[in-house]
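Student: I should like to learn how strand pairing and core packing are read from a model. Could we work through an example together?

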Amino acid sequence: MFYEIRTERARAGHGAELARYMDETVVPLHQEMGMHVVGVFTAADDEDAFVWIRRFEDAADQERVLAAVHGDPRCTTVVDTLSALSGGPASMVRLEPAPRSALR
């Protein structure tokens, strides 16, 4: 299992619009295709950032879910809307659980 912390960036001053679109359209579409979204956030010190944490069982799960999202007919509209709202490329950090011994 692994997690991704993905940060989407809006054009200056469009953070609220991006957050609303992500919350109402993008995240539900991903969940409908089987993605486990752990949480969605706005950044207290950056009004143009939207952060979401996604969990995948393994690389095959990630590939399956993303292929389903990208193969959905709604994806074209989603990509176009995100491109219009975007202030640059998204950034992503992949996290893997630490060994249990590290918690002791």
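Tutor: Let us begin with one pair of residues. His-36 stands opposite Arg-55 in β3. Please keep in mind that this is a predicted model.

Student: How many bridges join strand β2 to β3?

Tutor: As a general idea, strands of a sheet pair through backbone hydrogen bonds, in either a parallel or an antiparallel manner. Here, strand β2 (residues 36–43) is joined to β3 by 7 bridges, and the two run antiparallel. They form a hairpin, with 2 residues between them.

Student: Which residues face each other where strand β1 pairs with β3?

Tutor: Thr-7 stands opposite Val-51 of β3, and Ile-5 has Ile-53 of β3 as its bridge partner. In total, 8 bridges link strand β1 (residues 2–9) to β3, again with an antiparallel course.

Student: What is the order of the strands in the sheet?

Tutor: The sheet is open and has 4 strands, in the order β2-β3-β1-β4 with antiparallel pairing. Because β2 and β4 (91–95) stand at the edges with a single partner strand each, one side of each lacks a neighbour in the sheet. On average, neighbouring strands of this sheet are turned by 15° against each other, direction ignored.

Student: Which strands does helix α1 touch?

Tutor: Helix α1 (residues 15–32) packs on the sheet and touches β1, β2 and β3. Its direction makes about 15° with that of β3. Helix α2 (residues 59–71) also packs on the sheet, where it touches β1 and β3; the direction of α2 makes about 120° with that of β3.

Student: Is strand β3 mostly covered or uncovered, and how many of its residues are buried?

Tutor: Strand β3 (residues 46–56) is mostly covered, with 8 of its 11 residues buried.

Student: Which residues of the largest nonpolar core touch the most other members?

Tutor: In soluble globular proteins, nonpolar side chains tend to be buried together. The largest nonpolar core of this model has 20 residues, and those touching the most other members are Leu-18, Met-22, Val-26, Met-35, Phe-50 and Trp-52. At least two residues of this core come from each of α1, β3, α2 and α3 (75–85). Helix α1 gives the most, with 7 residues.

Student: With which residues is Trp-52 in contact, leaving aside its neighbours within four places in sequence?

Tutor: The contacts of Trp-52 beyond those neighbours include Ile-5, Met-22, Val-26, Met-35 and Val-37. Also among them are Glu-4, Arg-6, Glu-8 and His-30.

Technical notes. Residues numbered from 1 in each chain as written. Predicted model: local features only at pLDDT ≥ 70, side-chain atom pairs only at ≥ 80, totals over all residues. Heavy atoms only, no water. Buried < 20%, exposed > 50% of the residue type's maximum accessible area, 1.4 Å probe, protein only. Pairing = 2+ DSSP bridges. Axes fitted to C-alpha atoms, helices over the stretch in contact; angles between N-to-C directions. Contact = heavy atoms within 4.5 Å. Core = buried A, V, L, I, M, F, W, Y, C linked by side-chain atoms within 4.5 Å.
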